[in-house]
Amino acid sequence: LDAEQARLDKAIAKAGDEIAKIDKKLANANFVEKAPPAVVEEQKTRRVDFEAEKAKLEAALERLKAL
């Protein structure tokens with residue numbers, strides 16, 4: 001159980017880091033103005049995907065802690 005909890009913690013942290021990187025890019029006016037719209041849209045989609053993954057991992061961690 002401890003190993004699985006550590007794995008989930010690490011995966012949650014990684015997803016959080018990716019979300020932070022994407023937020024930083026999207027907050028950069030230069031990036032948003034100069035990047036092709038498809039690239040900006042891809043970043044927004046990736047952010048949504050990482051948010052969903054992070055929520056799923058957090059739910060799994062909560063279930064694990066309840067055992």
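Visitor: What does it take for a residue to count as buried?

Guide: A residue is called buried when its relative accessible area is under 20%, exposed when that area is over 50%, and partly exposed in between, using a 1.4 Å probe and protein chains only. In this chain of 67 residues, 21% count as buried. Please keep in mind that this is a predicted model, in which local features need pLDDT of at least 70 and side-chain atom pairs count only at pLDDT 80 or more, while totals for chains, interfaces and linings use all residues. Residues are numbered from 1 along each chain as its sequence is written, and side-chain values use heavy atoms, with hydrogens and water left out.

Visitor: How many helices and how many strands are there in the chain?

Guide: Helices (H or I, at least four residues) and strands (E, at least two) are taken as DSSP runs and numbered from the N terminus. The chain has 3 helices and 0 strands, and its pattern along the sequence reads α-α-α. The radius of gyration, taken over C-alpha atoms, can be set against a globule rule of 2.2 Å times the number of residues to the power 0.38. Here the chain has a radius of gyration of 15 Å, well over the 11 Å that the rule gives for 67 residues, so the chain is more spread out than a compact globule. The C-alpha trace spans about 50 × 15 × 15 Å along its principal axes.

Visitor: What share of the contacts with a separation of 6 or more comes from residues 24 or more positions apart?

Guide: A contact means heavy atoms within 4.5 Å. Of the contacts in the chain with a separation of 6 or more, 71% are between residues 24 or more positions apart. One residue to look at is F31, which is found in helix α2 (residues 29-34). If neighbours within four places in sequence are left aside, F31 is in contact with K25, L26, V39, V40 and Q43. By comparison, F31 and L1 are 30 residues apart in sequence, and their C-alpha atoms are 43 Å apart in space.

Visitor: Which residues are linked in a network of salt bridges?

Guide: A salt bridge is a side-chain nitrogen of Lys or Arg within 4 Å of a carboxyl oxygen of Asp or Glu, and the structure holds 5 of them. The network links E18, K21 and R46. In one of its pairs, the side chains of K21 and E18 meet at 3.3 Å, N to O; being 3 residues apart in helix α1 (residues 2-27), these two are separated by about one helical turn. K21 is exposed, with a relative accessible area of 51%, whereas E18 is buried, with a value of 16%. E18 also forms a salt bridge with R46, the closest N and O atoms being 3.4 Å apart. That pair links distant parts of the chain, since R46 lies in helix α3 (residues 37-66) and E18 in helix α1, 28 residues apart. R46 is partly exposed, with a relative accessible area of 28%.

Visitor: Where in the chain do the partners R47 and D23 lie?

Guide: R47 is in helix α3 and D23 in helix α1, 24 residues apart, and this pair too links distant parts of the chain. Their side chains meet in a salt bridge of 2.4 Å, N to O. Both residues count as partly exposed, R47 at 25% relative accessibility and D23 at 31%.
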